[in-house]
Amino acid sequence: MSAATSLPSDTRLDCTRYARGLFIGGRWLPGADIAVVDPSTEEVLAKVADAGVDDAMAAVDAAAAAAPGWRGTPPRQRAEILRRCFVLMMGRHEELAVLISLENGKSLTDARGEVTYAAEFFRWYGEEAVRIGGEFRTAPSGANRILVDYEPIGIAVLITPWNFPAAMATRKIAPALAAGCTVILKPASETPLTAYALAEIYAEAGVPDGVVNVITTSTPGPVTNAMLNDPRVRKLSFTGSTAIGRVLLAEGAKTVLSCSMELGGNAPFIVFDDADLEAALDGAMIAKMRNAGEACTAANRFYVQDGIYERFAAGLVERMAALKVGAGTDPQTACGPMITRKAVDKIEALVADATKRGARILQGGARPEGKGFFYPPTVLADVPRDAEMAYEEIFGPVAALYRFSSEDDAVTAANDTEHGLAAYIFTEDLKRGLSVASRVEAGMVALNRGLLSDPAAPFGGVKQSGLGREGGVHGVLEYMEAKYIAAAF
Ligand code: NAP
């Protein structure tokens, strides 16, 4: 395994050009305080501005000033602006992919996939913007009519994580704008450059000043709290860890804020004896290794039935061993670095805990020396069910294999978690697949597939994986309020 530290010259980008400052009211407010580090080399790519509470309140002022105009903009016009965002993003596809790869570390293949996925939210919600309907019905008593109108909820604060710097932002911004809301985006400190690059696109696409504001901060707690406590802010949409989600829900309670939460996952990946082995292995590689395991939907626990267990383990080892580890921007790389040294420390501790309890390392399992936050593709067999990694997100390239005998046992084990985001099931028996899909506690189930994200589908979790849905026709409703008008006629 080699952890490449040099980048091909054609993938060098001057990242400082994206660090123009805070983007508030259509203007750039300069600042260069928060270092953005390339996780492959540990070199500083650029420094972005550090917003304080006053800057955050200026962003709320800008969003408030732009709100009436945007709310009153005809849906067709909003739709065309969103469509232009899609076209402009696709026009800068490779540049954005390299930028994501540099600041996040993910492979170019994954970064390219993310840009396409992220841009699709603009296309989808451009199409949805003109199809937001209302309701009209007769009251059961027959005495009056029930009219329901959907109105933009108001100013939205959007907070995003580092693992999908483009897609987590557009999955919020596109439906919010389609609904007629103005927004303030606070991207993760590790990967703010993509968010600022996209801000250039909004302006070029014709998004009016103040409709989208982007701020970065080294003090997310106080800065966010100030915005959430402002009565003009009516929506919080957060994607990140369950721990921070709980903190923000408590803060939002103070103003009875509408909160959408896309939180952590602990996805089970269940392989039955009758599964198509090759399909299950292909699915496993996508579900585990997209983003080098740094995905909320990543398969965290592989439950494999006795009869297929050894063959599945052997196939997975072969595929994981073949992955090249290196800088994301190296076109040969299949597994880039983790986001930070802390992330590698966490993975290492989870693997140590599992092996201490009896898990066997079939592949990988030792971090390399040298620069960069690398961890190798790893396969662990016979992981005991009380291992910490059975309850914690690994968020790295470690496949943990658990054995099961009966369907009931698999379902019970899969549901033994506070999370409920994604689940994967592989079986050739459709009846069993659908039955297990309905018994598994998850917001999303992939049946004989390793990938489920789709801008046209409702993405979200149950239990402590979140509240609300992003994507599809559901996503826009998170930014709208139903107004009921009782009409007597
Ligand atoms: P995180 O630590 O919760 O951070 C997420 C965002 O919250 C960042 O922008 C962070 O800012 C901000 N933040 C941190 N503390 C805050 C506070 N007190 N008040 C307001 N904002 C605060 O999560 P992460 O490590 O970036 O992302 C990984 C997690 O996200 C995983 O658990 C993953 O499963 C989850 N995730 C979920 C989904 C989904 O759709 N369900 C998608 C992707 C990721 P700073 O960067 O400045 O700290």
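Buried residues are those under 20% relative accessible area, exposed ones are over 50%, and partly exposed ones fall in between (1.4 Å probe, protein chains only). The model is predicted, so local features need pLDDT of at least 70 and side-chain atom pairs count only at pLDDT 80 or more, while totals for chains, interfaces and linings use all residues. Residues are numbered from 1 along each chain as its sequence is written, and side-chain values use heavy atoms, with hydrogens and water left out.

In helix 2 (helices being DSSP runs of H or I, at least four residues, numbered from the N terminus), the buried residues are Arg78, Ala79, Ile81, Leu82, Cys85, Phe86 and Met89. Viewed down the helix axis, these buried residues fall within an arc of 165° and so line one face of helix 2; the arc is that of the directions from the axis to the C-beta atoms. They pack against helix 1 (53-72), helix 3 (93-104), helix 4 (108-128), helix 5 (167-179) and helix 6 (192-205), contact meaning heavy atoms within 4.5 Å.

Val60 lies in helix 1 and, at 0% relative accessibility, counts as buried. Residues up to four places away in sequence aside, Val60 touches Ile155, Ile184, Met227, Asp230, Arg232 and Val233. Val60 and Asp230 are 170 residues apart in sequence and 8.3 Å apart in space, C-alpha to C-alpha.

Polar contacts (pairs of N or O atoms within 3.5 Å; within protein, one must be able to donate a hydrogen and the other to accept it, and residues adjacent in sequence count only if both atoms are side-chain atoms) also involve the ligand. A ligand oxygen atom is 2.5 Å from an N or O atom in the side chain of Ser189.

How values were computed: Helix = DSSP H or I, 4+ residues; strand = E, 2+ residues; numbered from the N terminus.
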